[in-house]
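The following exercises concern a pocket, a helix pair and a salt bridge. Each task is followed by a worked solution.

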Amino acid sequence: MRGVRTVELGERGELLELLEDYYDAVPRSGARAEEFGALTLFVREGQGWPFYARPASGWRGEVTAAEVDRVRVRQRELGIPESFEWIAETAPGLRAAVERSGLSVQAHPLMVLGPDVPAPVVPEVAGGVVLRTVGPDDPVLPSALAVPHLAFADPGTGVGVAGVAELDQAVCAGADAGDGTVERAAARIRGGLTSVAAAVEDGRALCAGQHQPVGKVSEIVGVGTLPAARRRGLGLAVTAALVADARSRGVETLFLSAGDDDVARIYARLGFRSVATALIAQPAE
């Protein structure tokens, strides 16, 4: 990948196994696991984001399209997305199997900040924006959970249309829905399962993200900036704040999946390096 330093093949085997162990462990705090031979389907217990299927822990053999089909049938029975996630380099045959099953595959740079890399200095942000870790009772938590949804609905790094009015509407819609999203997030924060950081202005999170520690490993997820507030360095600052928080909790290895090569180059400025490719398979739209 141009512009992003990669890890030599000989260095990454042990690291990828560490990430595989994490991928298998992290859903188990909120899901049950159903086994389908070479594949494990994680099924959310209670409300919240649905999980996915992925290669079974320790499985390094072939995966057939028939096995993928069996999982998809079960996902349809449960009314959950027909979604699969895995590391391309540790399950090289799975992409062909899911594509034969009729799914579409998207690739994302998988990037790691290892224990040998110092935590980056958290950049200063201009204006009245304040960076902070969001506690379970922080009034900014609802907007910190809502803003990534607006960001991912308008992908890319360019300035977009959705602004504070749309963010306020999203927060109100979430409160009116009464689906317990904020309460679940607060419980995970209290339990040490999730940490949230945000760039806050006028009581709203203009950018937010999370990391989810399991032992000495954590994944940074859901970093999103309000489209109208892009190009202000907020995503970089929030990511650096998440790294600092993770290191303060004893996390040694952090990783993330970048949306594309342009986003990967931003994370490379914090010391993240590309180690592999994260694949996500879903039905074509």
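**Exercise 1. The second largest pocket**

Identify the residues that line the second largest pocket, and classify them.

Solution. In this predicted model, the lining of the second largest pocket consists of Ser104, Gln106, Ile280, Ala281, Gln282, Pro283, Ala284 and Glu285. Next, assign these residues to secondary structure: β5 (103–113) and β11 (273–283) each contribute at least two of them. The largest contribution is that of β11, with four residues. By class, the lining comprises four nonpolar, three polar and one charged residue. The space in this pocket amounts to about 210 Å³.

**Exercise 2. The packing of α4 and α6**

Determine how the axes of helix α4 (residues 141–153) and helix α6 (residues 181–190) are oriented, and describe the contact.

Solution. Two packed helices are described by the angle and the distance between their axes. Here the axes of α4 and α6 come within 10 Å and cross at roughly 105 degrees. Angles of 65 to 115 degrees count as roughly perpendicular, so α4 is roughly perpendicular to α6. On the α4 side, the contact involves Leu141, Pro142 and Leu145, which meet Thr181, Val182, Ala185, Ala186 and Ile189 of α6. This contact has seven nonpolar residues, one polar residue and no charged residues.

**Exercise 3. A salt bridge**

Which residue forms a salt bridge with Arg54, and where do the two partners lie?

Solution. The partner of Arg54 is Glu20, with the closest N and O atoms 2.9 Å apart. Arg54 belongs to strand β3 (residues 53–55) and Glu20 to helix α1 (residues 9–25); the pair, 34 residues apart, links distant parts of the chain. The whole structure contains 17 salt bridges.

Note on methods: Residues numbered from 1 in each chain as written. Predicted model: local features only at pLDDT ≥ 70, side-chain atom pairs only at ≥ 80, totals over all residues. Heavy atoms only, no water. 1 Å grid on protein atoms, 1.4 Å probe; cavity = no way out; pocket = protein on both sides within 12 Å on 5 of 7 lines; lining within 4 Å. Points joined across faces, edges and corners; volume = space filled by probe spheres on them. Helix = DSSP H or I, 4+ residues; strand = E, 2+ residues; numbered from the N terminus. Nonpolar A, V, L, I, M, F, W, Y, C, P; charged D, E, K, R; others polar. Axes fitted to C-alpha atoms, helices over the stretch in contact; angles between N-to-C directions. Parallel < 35°, antiparallel > 145°, perpendicular 65-115°, else oblique. Contact = heavy atoms within 4.5 Å. Salt bridge = Lys/Arg side-chain N within 4 Å of Asp/Glu carboxyl O.
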